[in-house]
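Dear colleague,

Please find the structure below, handed over for your review. My notes on what was found in it follow.

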Amino acid sequence: MSDAAAIDPADRDALIAAARAAMAGAYAPYSRFHVGAALRFADGTVVVGSNFENASYGLSLCAETVAAANASQQGHRAGLVAVAIAGGPLGVPGAVVAPCGRCRQVLAELASLGHTDPLIIATGAHETVDMRLSALLPLAFGPANLRT
Ligand code: THU
């Protein structure tokens, strides 16, 4: 597992801005909790996602999972270096939002494809927390476990 390089401050700001902008794309009529996620790859590509809820509540997809699937579909798999997340009721300053447990696992799968340990930038209205994915999901189960 190679450690992802420190992200340039301007790129970090742009990634956070992309996550906040992606909140507008959320389909969240049930929770009214809009989440945006922005993934940055080593080549500078940024791919976003937002949560997509379902009337059968448990089928709802989180923003990070949608972003990961979007990236894969667009051919961006190796080289995930950073992920910014923003969320809350639209227009209301919110608390820090970090990826849920399922999304940590989904992000770990994507990160494993390029052997990176992405920086997770969990943002709130007044506070930001940066943590490596390996700290949020220690001893992650992954593709290597299935190799014989
Ligand atoms: N949600 C996300 O999109 N990402 C997270 O990391 C936490 C939760 C979504 C799921 C649901 O649509 C809404 O936020 C409320 O839980």
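A residue is taken as buried when its relative accessible area is under 20%, and as exposed when that area is over 50%, with partly exposed in between. At 0% relative accessibility, Ile121 therefore counts as buried. Please bear in mind throughout that this is a predicted model.

**Ile121 and its surroundings**

Ile121 belongs to strand E6, which comprises residues 119–123. Beyond the four neighbouring places in sequence on either side, Ile121 is in contact with Arg12, Leu15, Ile16, Val83, Ala84, Ile85, Thr128, Val129 and Asp130. Its C-alpha atom is 8.9 Å from that of Ala86, although the two residues are 35 apart along the chain.

One of these partners, Thr128, is placed in strand E7, residues 128–132. With a relative accessibility of 34%, Thr128 counts as partly exposed. Outside its neighbours within four places in sequence, Thr128 is in contact with Arg12, Ile121, Ala122 and Thr123. Arg12 is thus listed among the contacts of Ile121 and also among those of Thr128. Between Thr128 and Val97, 31 residues apart in sequence, the C-alpha to C-alpha distance is 9.0 Å.

**The nonpolar cores**

The largest nonpolar core has 21 residues, and those touching the most other members are Leu39, Phe41, Leu80, Val83 and Ile120. Two or more residues of this core come from each of strand E2 (34–41), helix H2 (63–73), strand E4 (80–88), helix H3 (101–112) and helix H4 (133–136). A separate core of 11 residues lies apart from it and includes Ile16, Ala19, Ala82 and Ile121.

Val83 is one of the residues with the most contacts to other members of the largest core. Setting aside neighbours within four places in sequence, Val83 is in contact with Leu15, Ala38, Leu39, Leu107, Leu119, Ile120 and Ile121.

**Helices H2 and H3**

How do the axes of H2 and H3 lie relative to each other, and at what angle do they cross? They come within 9 Å and cross at roughly 20°. Angles under 35 degrees count as roughly parallel, so H2 is roughly parallel to H3. The crossing of the two helices is left-handed. On the H2 side the contact is made by Glu64, Thr65 and Ala68, and on the H3 side by Arg102, Cys103, Val106, Leu107 and Leu110. By type, the residues of this contact divide into 5 nonpolar, 1 polar and 2 charged.

The buried residues of H2 are Ala63, Glu64, Thr65, Val66, Ala67, Ala68 and Ala71. Glu64, Thr65 and Ala68 therefore appear both in this buried set and in the contact with H3. The cover over the buried residues of H2 includes E2, strand E3 (46–50), E4 and H3. After H2 comes Gly75, which has a positive phi near 90°.

Glu109 is also placed in helix H3, and its relative accessibility of 40% makes it partly exposed. The C-alpha atoms of Glu109 and Phe141 are separated by 8.8 Å, with their positions 32 residues apart along the chain.**Loop residues**

Arg77 is found in the loop between H2 and E4. Its relative accessible area is 45%, which means that Arg77 is partly exposed. Leaving out neighbours within four places in sequence, Arg77 is in contact with Phe41, Ser72, Leu110 and Leu113. Among these, Phe41 is one of the residues touching the most other members of the largest core, while Leu110 takes part in the contact of H2 with H3. Arg77 and Ile121 are 44 residues apart in sequence, and their C-alpha atoms are 19 Å apart in space.

Two further loop residues may merit your attention for their backbone angles. Arg32 is not a glycine, yet it has a positive phi of about 60°. Arg32 lies in the loop between helix H1 (9–22) and E2, and at 59% relative accessibility it counts as exposed. Leu139, likewise a residue other than glycine, has a positive phi near 55°. Leu139 is found in the loop between H4 and helix H5 (143–146), and with a relative accessible area of 88% it is exposed.

With kind regards

Methods. Residues numbered from 1 in each chain as written. Predicted model: local features only at pLDDT ≥ 70, side-chain atom pairs only at ≥ 80, totals over all residues. Heavy atoms only, no water. Core = buried A, V, L, I, M, F, W, Y, C linked by side-chain atoms within 4.5 Å. Buried < 20%, exposed > 50% of the residue type's maximum accessible area, 1.4 Å probe, protein only. Helix = DSSP H or I, 4+ residues; strand = E, 2+ residues; numbered from the N terminus. Contact = heavy atoms within 4.5 Å. Axes fitted to C-alpha atoms, helices over the stretch in contact; angles between N-to-C directions. Parallel < 35°, antiparallel > 145°, perpendicular 65-115°, else oblique. Left-handed = near helix turned anticlockwise from the far one by under 90°. Nonpolar A, V, L, I, M, F, W, Y, C, P; charged D, E, K, R; others polar.
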